[in-house]
Amino acid sequence: MAMRFDGRVAIVTGAGGGLGREHALALAKRGAWVVVNDLGGARDGSGGSATAAEAVVAEIEAAGGEAMANAASVTDPVAVRAMVDAVMAKWGRVDILVNNAGVLRDKTFAKMELEDFRFVVDVHLMGAVNCTKAVWDIMREANYGRIVMTTSSSGLYGNFGQSNYGAAKMALVGLMQTLSIEGAKNDIRVNCLAPTAHTRMTEDLGARLPLELLGPEMVTPGLLHLVSEDAPSRCILTAGAGGFERAYVTLTQGAWIAGEDAPEQVAARFGEISDRTGEVVPDMGAAQGFIELTKAQAAHKA
Ligand SMILES: NC(=O)c1ccc[n+]([C@@H]2O[C@H](COP(=O)([O-])OP(=O)(O)OC[C@H]3O[C@@H](n4cnc5c(N)ncnc54)[C@H](O)[C@@H]3O)[C@@H](O)[C@H]2O)c1
């Protein structure tokens with residue numbers, strides 16, 4: 001059956017271009033009323049204008065869809081709250097939030113100013129927190145919500161020159177892990193999307209990649225699944241060029257070690273500790289302690 005979003009209201013941040021624009025267009029095409037949020041600034045977050053968001057709204061309307069533009073910076077909790085108030089006044093609900101707005105200020109850690117670190121964390125992490133906080137109670141009351149955090153392979157696996165960006169992006173995975181647990185009883189499903197796409201954010205990589213394969217529209221089908229009625233929760237979906245994969249934060253079976261020579265034992269048995277045979281994906285943080293205590297109790301009994 002076709003995936004539809006009729007009657008659903010979706011907020012997509014950073015939707016004036018790139019991936020966010022594709023997400024907004026696709027949601028509107030499939031029936032959602034869409035809030036196209038974008039500060040309209042430069043790639044490093046400087047400047048701003050409502051034009052980018054308004055242009056995407058015009059595209060949606062020209063195709064017969066419904067949308068509203070919003071130029072709030074996701075870093076401004078007051079402006080974000082005002083955006084959500086305006087959406088509630090107009091459409092009376094918020095079903096979907098796509099935290100997509102983002103900036104880059106790449107430099108090696110040695111050369112990076114703390115201000116550039118703080119700014120990138122503020123846009124990616126606190127921007128998503130501000131937007132999520134503004135819709136959280138609405139979704140709880142409605143007993144329905146679909147939220148996506150846009151993470152990145154830079155956070156999941158690291159990337160030279162992106163310590164600020166990678167840290168912010170991995171922080172979103174941590175946010176998703178807990179919100180998916182807290183949101184479950186109200187059917188609020190929270191997921192992460194790690195895209196690869198040719199946008200202005202990745203234009204510097206251009207010469208080295210077959211750009212025609214990396215259109216942002218190739219990522220959007222994954223986003224649609226993550227915000228659909230049948231969405232999973234607590235999932236990290238990676239997507240690019242039509243490839244879709246999942247990333248997991250796993251835990252190995254490890255070893256039980258105690259006693260005077262424990263440091264030497266940890267060193268000597270590091271291969272065993274690292275062995276991925278039988279590794280698990282814990283369903284919450286407490287599972288780590290439970291697994292460790294189980295090992296300790298078994299060792300004390302033996
Ligand atoms: N393109 C990729 O390969 C890739 C890879 C991993 C993650 N991402 C993430 O995907 C998301 C979209 O990136 P993109 O590649 O489409 O880049 P993009 O630069 O085209 O889009 C980002 C948008 O966010 C907007 N924005 C920036 N700061 C904002 C703020 N404070 N408030 C509101 N809007 C703001 C920008 O104006 C821009 O339109 C970002 O979170 C990015 O980190 C992209």
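# Helices and ligand shell

Me: Does α1 pass α2 in a left-handed or a right-handed crossing?
Reply: This model is predicted. Take the way α1 passes α2 in it: the crossing is right-handed.

Me: Are α1 and α2 roughly parallel or roughly antiparallel?
Reply: Start with the axes. Those of α1 and helix α2 (residues 51-62) come within 10 Å and cross at roughly 25°. Angles under 35 degrees count as roughly parallel. That makes the arrangement of α1 and α2 roughly parallel.

Me: How do α4 and α6 lie to each other, roughly parallel or roughly antiparallel?
Reply: The axes of helix α4 (residues 114-142) and α6 come within 8 Å. They cross at roughly 20°. The two helices are therefore roughly parallel.

Me: And which hand has the crossing of α4 and α6?
Reply: The angle is roughly 20°. As α4 passes α6, the crossing is right-handed.

Me: Which elements each supply at least two residues of the shell around the ligand?
Reply: Two of these elements appeared above, in the helix pairs: α1 (18-29) and α6 (163-183). A strand joins them. The full set is α1, α6 and β6 (188-196).

Me: Which residues come nearest to the ligand?
Reply: There are 29 residues around the ligand. Five of them come nearest: Leu19, Asp38, Asn100, Tyr165 and Thr199.

Me: How far is a polar side-chain atom of serine 73 from a nitrogen atom of the ligand?
Reply: Backbone atoms touch ligand oxygens elsewhere: leucine 19 has an N or O atom at 2.8 Å, and asparagine 100 has one at 2.7 Å. For serine 73, the partner is a ligand nitrogen, and the distance is 3.0 Å.

Me: What share of the ligand's exposed area does the protein bury?
Reply: Taken alone, the ligand exposes 820 Å². Of that, the protein buries 96%.

Me: How many residues of the shell are charged?
Reply: The shell divides into three classes. Ten residues are nonpolar and 16 are polar. The charged ones number three.

Definitions and conventions. Residues numbered from 1 in each chain as written. Predicted model: local features only at pLDDT ≥ 70, side-chain atom pairs only at ≥ 80, totals over all residues. Heavy atoms only, no water. Near = heavy atom within 4 Å. Polar contact = N/O pair within 3.5 Å; in protein donor to acceptor, adjacent residues only side chain to side chain. Areas by Shrake-Rupley, 256 points an atom, 1.4 Å probe, with all protein chains shown as cover. Helix = DSSP H or I, 4+ residues; strand = E, 2+ residues; numbered from the N terminus. Nonpolar A, V, L, I, M, F, W, Y, C, P; charged D, E, K, R; others polar. Axes fitted to C-alpha atoms, helices over the stretch in contact; angles between N-to-C directions. Parallel < 35°, antiparallel > 145°, perpendicular 65-115°, else oblique. Left-handed = near helix turned anticlockwise from the far one by under 90°.
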